[in-house]
Amino acid sequence: MKKLIAVLLAMMMVFSFAACRKTNGGKEIEKDYISIDSIVVMEEHSSFADCSIKVMNNFDKDIDRIEIEYHELDDAGNVIWSGSIYFNAPGFGQSANEKMQIHNSLKDVDCLEFVSYNLLTSDYKFYESHNFVEPVTFFCVGSNFYIKGTEPEKEPVTELFVGEMAKTDTVELTVKDVYFADKLSTYTYTPTDSASGIVAGDGNIYICIRFDIKNMGKDTLEWEDYSAFEVDYNDGYIFSAFNDTNYSYLVEPDGSGYVSFSNGSSSSKGAPDLLPLSGDELLMIIEVSKMLEEDTESPLKIKIELPSGISEKEFIYNVR
């Protein structure tokens, strides 16, 4: 992590990245280099995302193809994927926008680190290879990746009470009720009093968050864009809808459609995406410790991130 921070501080001073340098009368000047200017997520999926990458060619010679090698890093700076992207090289002083693919969910990828590039002939034969003087590292902020120091400021957290509306430029969401359930229907994943049904694990219970949501944007709002719910018990015990151990469900109250999460994976049956200017009433159900229901004195909060422009805005509902 210290190495990553040191790299980022260095990159705040330089936005073009030289492959090699030479001196002229004691003064260091840049020679040939490739620069990466931006990375924008175009389409997000459960396990990968398609991105657009802008690359500038500053090699004063003919190049047919470029291969750029990169790492995907988590928030601790650990490499969770290594990949590469090939494309036809733009002319000297020109840029190219090319597609690349993030092979892990953006919920796992905190930043992208570009480490080296190869120059190739048109038939993929090897010219030469270069390392960036410093790895080019981009942080993920919403649907864009930014060099440290150029990312937009994160909007402040808004605190609300149950019944109040969380509002951004594209989403209106109101948490209307929060309650607990011992058992869920086997078929609809909604709370039930039936003798049969799905029972939470030992010492656990289901917390049910009933909310209204409306898509005020001009594009379809996918369920992944508004399902980042977290339950915060006693200021630090976090239970997330996207968890690795317990079960969570995003369901229609009548059981007509649902998305279920388990061990980081998901399955869907009529997942509730929202068309522009349409709304719905939904339940987010998260398996949590029974202590959340039994301990009525400790704070209980619901955290939710909603799309806001090119980033997200965080809201906190104070349940008690």
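1. Which residue in the turn of the hairpin formed by E17 and E18 has a positive phi? In this predicted model, the residue is Asn 234, whose phi is about 55°, and the turn belongs to a hairpin in which three residues lie between E17 and E18.

2. The two arms of that hairpin, E17 and strand E18 (residues 237-240), are paired in the antiparallel sense over four bridges. Within this pairing, Glu 230 is found opposite Ser 240 of E18.

3. Strand E17 (residues 228-233) also runs antiparallel to strand E23 (residues 300-308), to which six bridges join it. One position that can be checked directly is Tyr 233, whose bridge partner in E23 is Leu 300. E17 is thus to be viewed with E18 over four bridges and with E23 over six bridges.

4. Elsewhere in the description there is an open sheet of eight strands, which pair in antiparallel fashion and follow the order E6-E5-E8-E9-E10-E3-E4-E7. Strand E6 (79-88) and strand E7 (95-102) stand at its edges, and because each has a single partner strand, one side of each is left without a neighbour in the sheet. On average, and with direction ignored, neighbouring strands of this sheet are turned by 30° against each other.

5. Inside the strand order, E10 is followed by E3, and the contact between them deserves a separate entry. Strand E3 (residues 34-44) and strand E10 (residues 144-147) run antiparallel and are joined by two bridges. On the E3 side of this pairing, Val 40 has Asn 144 of E10 as its bridge partner.

Conventions. Residues numbered from 1 in each chain as written. Predicted model: local features only at pLDDT ≥ 70, side-chain atom pairs only at ≥ 80, totals over all residues. Heavy atoms only, no water. Pairing = 2+ DSSP bridges. Axes fitted to C-alpha atoms, helices over the stretch in contact; angles between N-to-C directions.
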